[in-house]
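Hi everyone, thanks for making time for this one. I'd like to walk you through a structure, so please bring it up on your screens and follow along.

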Amino acid sequence: MIYDIKYFDSVTSTNDIAKEMASGGAPEGTVVIANSQSNGRGRMGRSFFSPSMTGIYISIILRPTLSAGDSLLITTAAAAAVCAAAESFAKKECRIKWVNDIYLDEKKICGILTEGKFAPDGSLEYAVLGIGINLEVPCGGFGELESIAGALFCHGEKYDKSALVKKVLDGFSDYYSKLADKPHFEYYISHDMLIGKEVDILRSGKNVGSAKVIGISDDFSLIVENNGKKELLQNGEVSIKVKRL
Ligand code: BTN
């Protein structure tokens with residue numbers, strides 16, 4: 001994919017800017033990058049803390065020829081690309097928490113939000129892939145997120161932000177060029193942090209039971225087992241809380 005990068009210092013949400021651009025006809029590969037967001041958005045209506053200087057906020061416009069059901073491939077490919085880039089820059093082991101959070105040392109360092117616009121026939125008109133990475137702990141810390149949020153680099157550690165962004169974009173582009181073949185599947189499975197763990201299953205924020213994660217199916221559903229009964233959990237329907245990391 002050929003990227004056309006639009007850099008902003010501060011925006012409301014890079015996903016919102018990218019969606020506006022996509023609606024106005026911006027081509028696939030248009031990338032909105034910001035140094036901070038005043039209204040960074042996360043999954044399930046949550047906000048995404050996006051302070052200036054210590055994180056990087058990226059949205060990529062995509063115009064894939066995928067069915068709506070396959071759009072999960074975009075998110076999971078991005079998770080694999082970010083995890084690989086993060087590991088290679090930080091020289092530390094990072095993990096993917098199904099479906100699209102990246103963890104380092106048991107703290108979330110990256111969240112991904114893919115949003116799509118669908119045509120009346122159900123096909124995807126465009127998708128905006130949003131990636132937020134905490135590069136450093138902000139001066140005032142993560143506030144109420146302190147116990148769950150972390151950063152890729154330690155205080156004072158030197159890193160090349162542009163090179164990291166390039167690695168993420170290139171890694172994603174490689175996967176995206178053959179997305180229907182699920183080229184990221186093996187990497188994703190080998191870096192998943194839930195397999196083998198006891199988890200609580202939440203629907204609309206409510207705990208609806210516990211189970212053990214035993215795998216991820218080839219459509220990226222989570223396979224859990226409880227009292228010998230296997231169940232496939234779909235992204236978007238549930239969220240998962242690990243009992244013990
Ligand atoms: C999550 O953790 O729930 C997903 C967070 C996604 C945050 C990124 S930052 C860039 C893009 N712009 C947004 O407003 N959100 C995404």
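Let's begin with a loop. Asp105 sits in the loop between β5 and β6. One thing to keep in mind from the start is that this is a predicted model. So what is the phi of Asp105? Phi there is near 45°, a positive value in a residue other than glycine. Now, is Asp105 buried or exposed? Its relative accessible area is 62%, and because anything over 50% counts as exposed, Asp105 is exposed.

Stay in that loop for a moment. Glu106 is also placed between β5 and β6, and Glu106 has a positive phi too, of about 65°, although it is not a glycine. For background, most residues other than glycine have a negative phi, and most peptide bonds are trans.

That brings me to a peptide bond. Trp98 and Val99 are joined by a cis peptide bond, with omega at about 10°. Val99 belongs to the loop between β4, residues 94–97, and β5. Please keep Trp98 in mind, as we will come back to that residue.

Next, the pockets. Rolling a probe the size of a water molecule over the atoms shows where empty space is left. How much space lies in the largest pocket? The value is about 1100 Å³. Its lining has 49 residues, and the closest to the centre are Arg46, Asp101, Tyr103, Lys108 and Ile148. Several elements supply at least two lining residues each, including α1 at 14–23, β3 at 55–62, β5 at 101–104 and β8 at 198–203. Which strand gives the most? That is β6, with six residues. By class, this lining holds 23 nonpolar, 16 polar and ten charged residues.

Let me pick out Ile148 from that central group. Ile148 is located in the loop between β7 and α3, the helix at 161–176. With a relative accessible area of 48%, Ile148 is partly exposed. Setting aside neighbours within four places in sequence, Ile148 makes contact with Lys107 and Lys108. As a distance to have on hand, the C-alpha atoms of Ile148 and Gln234 are 23 Å apart, with their positions 86 residues apart in sequence.

The loop between β7 and α3 also holds Cys154. Cys154 counts as partly exposed, at 44% relative accessibility. From Cys154 to Arg46, which are 108 residues apart along the chain, the C-alpha separation is 26 Å. Arg46, you may recall, is among the residues closest to the centre of the largest pocket.

On to the second largest pocket, which has a volume of about 430 Å³. Of the 24 residues lining this pocket, Ala68, Gly69, Ser71, Leu72 and Asn235 lie nearest the centre. Here α2, β6 and β7 each supply at least two lining residues, and β6 has the largest share, at five. The classes come out as nine nonpolar, nine polar and six charged.

Now let's look at the interior. The largest nonpolar core has 63 residues, and Trp98, Ile131 and Phe172 touch the most other members. So Trp98, from that cis bond, is back again. Which helix gives the most to this core? The helix is α2, with 13 residues. Apart from this core lies another, of ten residues, among them Val32, Ala34, Tyr126 and Val128.

Phe172 is a nice place to zoom in. Leaving out residues up to four places away in sequence, the contacts of Phe172 include Met1, Tyr3, Ile60, Leu62, Ile74 and Leu129. Three alanines, Ala77, Ala78 and Ala81, are also touched by Phe172.

My last stop is Ser13, in the loop between β1, residues 4–11, and α1. Is Ser13 buried or exposed? Its relative accessible area is 1%, so Ser13 is buried. A polar atom of the Ser13 side chain lies 3.2 Å from the backbone nitrogen of Asn15. Beyond four places in sequence, Ser13 touches Gln37, Asn39 and Arg41.

That's my tour. Thanks for listening, and I'm happy to go back to any part of it.

Conventions: Residues numbered from 1 in each chain as written. Predicted model: local features only at pLDDT ≥ 70, side-chain atom pairs only at ≥ 80, totals over all residues. Heavy atoms only, no water. 1 Å grid on protein atoms, 1.4 Å probe; cavity = no way out; pocket = protein on both sides within 12 Å on 5 of 7 lines; lining within 4 Å. Points joined across faces, edges and corners; volume = space filled by probe spheres on them. Helix = DSSP H or I, 4+ residues; strand = E, 2+ residues; numbered from the N terminus. Nonpolar A, V, L, I, M, F, W, Y, C, P; charged D, E, K, R; others polar. Buried < 20%, exposed > 50% of the residue type's maximum accessible area, 1.4 Å probe, protein only. Polar contact = N/O pair within 3.5 Å; in protein donor to acceptor, adjacent residues only side chain to side chain. Contact = heavy atoms within 4.5 Å. Core = buried A, V, L, I, M, F, W, Y, C linked by side-chain atoms within 4.5 Å.
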